[in-house]
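Student: I am new to this structure and should like a close look at a single part of it. Would you please take one helix packed on a sheet, and then set it in its surroundings?

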Amino acid sequence: MTDNENQGLTGVLSRRNLMQTVAGLGVASVAGCSGLDSGGGGGTVDPVQDRVTVDPADIKRGGTFRAALGSAVDTFDPPESTSATSSVHHNLLYEGMTTTDASGEIYPWLAESYEQVEVQDIKRTAYTDYMTEVQYAETDDGTVFIDTDEQIVVQHPDNPSDPTAGDTARVMTVAEVGDAIADGTYGMQYRFQLHEGITFHNGEELTADNVVASYERLRGSALSGQVFDSLLDVQSDGDYTVDLYVQIPDAAAIRELSDFSIYPTEITGNPGQPQNVPLGQMDPRESHEPMGTGPFTLTDYESESYATYSKFEDYWFDTAMKDWFEGPSDFPNAPVVDEVDIAVTSDPSKRAGSLQEGEIDMTRGLSSSAQTNFQNSEDFRTAPTDGAGFTFMQFPVTQTPWDNAKLRRAVNKLVPRESIASNIFQGWENPAWVPLPPLAAGKGTTDYEQLVEDLQSYNTYDPEAAAEMLDEVGEEAGIEYPIEVTLETNSDNKDRVRTVELIVQSLNQEINGTKYFDASINTTEFLTFVSQLLSKNYYKKGNIAFIGLSGGFGPHGYAKSIHHPDNFAQCCNFQNVDIDRLNQKLRNARYGVDVATDPELRQERYEEVWEIILQENANSYGTHSTTVGVVSNAVKGFNSYPSVQNIVGYGLYNPADEQITYLDR
C-alpha cells in the first residue's frame, strides 16, 4: 500500500467546501470546540462518578428544568455547527439512527436494528473508473482548492500532492457514487431497519427517504471533511430500510456515520432534490423552525439570551420497542419535565451566582474553585463524569522557528501539567500524559497503564532537559534566543487564562542563566477567538493557540481532529498541521479489513500513532477533562454525560443507562 492510497477527501478543499466554510465564519461558535464522535466500539466501564439512580415510583412529573450555559447557539443546523454548546440544544430536538450510553456502547434508536451486511477488501483506487477530471484553482490568499461545487467523496491517490492553479484532479463526487454502488464497488454495507410510526414534530412520519435526504444535507457542510473521509452513500430500500455504504473497510464506520440528525421533508425536501431549507438556515433567526423527532420542541428563542423547549407530547419512544432495554417496566417513555429553559450567561461566576440564588437548576463550565465550593455545600450536588475533552496548545508549525519538531518538544517539557491539574483545576482535571483520555482507551491501546508508562517522559515537566534540547536546536538551526511568541486563548474561561499565564511564566524563566523565550498572552472573547481560529489565515500569524476539544468514545478523533489536513480551518486544525507519516499511521489504524476485523491489531497501530504525535509535537496536550454538571438539591437523578454536547439531554433522559431526572419542588 502506498502512502496515498487511503487519501481522504479534503487534503485540498473543493470550491463548495471552501465557500461553505468561509460563509459560516460570521456565526462560528465553538464551545471548546466540538469534534465528531469518531472511533469504533466504546467501553463497558461507566465513566459516571458516584452515579445517582432513581426509583420510578418516586418520580414527580412536570416542572421547568432551568439551565445556564456559557455561550449561545451558533446555528440550529447541526451540519453547519462545530459548537459543543449548540449540540446541547440540538440533542433536545434531533435524533439519529443510533444512540450511546455513557460508556459509549452503541444502541439502535430511530432504527429498530442494524447489521453489517458486507465487507469488501478494496482501496480507494477501486473508484478510478467513476472519477471525473476537475481543475485546481486558487483564492486571493493563495489557498488552492478543487474547483467544483459538488461534494467530493474520493480523490485519486495520484492527484498532485502540492497542486497549483490549473493542475488537474481526478475525483469522484456524489453524482457518481450511485454507479459505483450499482456495480458492487464499495467497502462496507450496513443495513438499518427503521421503526415504523415515528413522527416528526410537524406530524410527518419518519421514512427511509427522510434519512437519505438528511444525510444529503451533510454535503458541503462544515462537517463534511469528517464525514466524507468514510461515507460513500446512503440509500433507501423501501419505506423503512436504509443502506449505508462506506468507501473502504473502516473500523470506526458505525460510530462515525450512524448517528447524524434526521429531519422532516419540510426541511430537506425529497432525496436528490435541492434542500427546502438551505444549508445553514434552519434557524428561527432565518424564519425556519428547527424540527426533528426529539423529545422537545423549540417554543421560544432570543438570540444570545435564551432558548425554551417544551415537551413533545407525541414523542415516539416506548421502552417496549427496544429489546436491549432491561430496566423496570414503569421506567418513563420520555423525559418527565415539561419544559427546558437554557439561558446564555458567558461569565462563569454569574452562572454560579444564579445557581446559588435559585434562579437556575443546573450549569457547567464553572471555575474549579467554584466547583469545589459547590461540592462542599449541602445545598448543591456536583455530578462529575470522566470526560471526553482535553485542552491543547497548537503550534504554528508552518512558521519559523516553530517548524522545528525538537523545539516544540522542548516547549512541551516546559508545560507544568501536574501543577496545572492540581493548583488551577484543583484535581477536577488530570495531566494529559498521553494524547488519549482513559474514556477512549478501550480501542486505542492494548494496555493504558503501560502506554502512560512508556510515553509519559515526553510530557514530564523538566526545564533542564528542555534547555538541553533548546541549546541543540539553537546550534543546529541557527536560532537565536529569546524567541518572541504570543500565546492566545479565550478570555471568558478563568481556568484557561490562568493555565496560559502559568505556561507563559514557565517559558519566560531563565534556565542556567539563559532566557529562551519572551512569551506573552493575548486573550479574546470566545466567539471572536474561534472566528479567528477557523479562518484560513490564522496559521500565518505565528501565534500559539490554546483551547479545548470535546471528543468522543473512540480514539481516532483525538488524533485526527487537531492534526489532519481534512480538518484544516474546520475543527480543530487551525495551524495547517500536515504530517505525512502521522496521516499514514492514522489511516492504517482505522481503514482496512485487517483493523476492521482485528481489534487488537487496531490497538497496536494506535499505540504507534500516540508516539508519533508526541515526537512531532504539533500539539501539546494539557489536561484530560472531567465533565461536571452542578445542580441544586431540587434536581433528582441528574448525572453528566462524558461529552458536554449532551449534558442536558442525557441527564434528562437516556433509557440505555436508565437515566432520568425529575424536579422535587
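Tutor: A residue is called buried when its relative accessible area is under 20%. The model is a predicted one, and the part chosen here is helix α4, residues 208–216.

Eight of the nine residues of α4 are buried, so this helix is largely enclosed by the rest of the structure. The buried residues are A208, N210, V211, V212, A213, S214, Y215 and E216. Their cover includes the strands β10, β11 and β12, together with the helices α6 (253–257) and α7 (265–268).

The three strands just named lead to the sheet itself. It is an open sheet of four strands, arranged in the order β5-β10-β12-β11, with antiparallel pairing. At its edges stand β5 (111–119) and β11 (231–236); each has a single partner strand, so one side of each is left without a neighbour in the sheet. From one strand to the next the twist averages 20 degrees. Within the sheet, β10 (residues 188–194) and β12 (residues 241–246) run antiparallel and are joined by six bridges. In this pair, M188 stands opposite V246 in β12. Helix α4 packs on the sheet by touching β10, β11 and β12, and the direction of α4 makes about 155 degrees with that of β11. A general point helps in viewing any such sheet: in a regular strand, side chains alternate between the two faces.

The surroundings may now be widened to the nonpolar cores. The largest nonpolar core has 77 residues, of which M393, W402, L487, F517 and W610 touch the most other members. Helix α20 (residues 599–616) gives the most to this core, with six residues. A second, separate core of 62 residues includes I59, L232, Y245 and F331. Returning to the largest core, M393 has contacts beyond four places in sequence that include V411, V415, L487, I503, I544 and F546.

One of those contacts, I503, also belongs to a pair of packed helices. The axes of α11 (residues 417–424) and α15 (residues 494–507) come within 11 Å and cross at roughly 145 degrees, and the crossing is right-handed. On the α11 side the residues in contact are S419, I420, N423 and I424, which meet D495, R498, T499, L502 and I503 in α15. These residues divide into four nonpolar, three polar and two charged.

After α20 comes a loop leading to β24 (619–632), and N617 lies in that loop. N617 is buried, with a relative accessible area of 0%. Leaving aside neighbours within four places in sequence, N617 is in contact with F395, R408, R409 and N412.

Elsewhere, another set of strands shows antiparallel pairing. Strand β13 (residues 296–302) pairs with β14 (residues 306–311) in the antiparallel sense over six bridges, and T297 stands opposite S310 in β14. Three residues lie between the strands of this hairpin, where E304 takes a positive phi near 70 degrees. Strand β14 also pairs with β15 (residues 339–344), again in the antiparallel sense, over five bridges. There T308 stands opposite D341 in β15.

Conventions: Residues numbered from 1 in each chain as written. Predicted model: local features only at pLDDT ≥ 70, side-chain atom pairs only at ≥ 80, totals over all residues. Heavy atoms only, no water. Axes fitted to C-alpha atoms, helices over the stretch in contact; angles between N-to-C directions. Helix = DSSP H or I, 4+ residues; strand = E, 2+ residues; numbered from the N terminus. Left-handed = near helix turned anticlockwise from the far one by under 90°. Contact = heavy atoms within 4.5 Å. Nonpolar A, V, L, I, M, F, W, Y, C, P; charged D, E, K, R; others polar. Pairing = 2+ DSSP bridges. Core = buried A, V, L, I, M, F, W, Y, C linked by side-chain atoms within 4.5 Å. Buried < 20%, exposed > 50% of the residue type's maximum accessible area, 1.4 Å probe, protein only.
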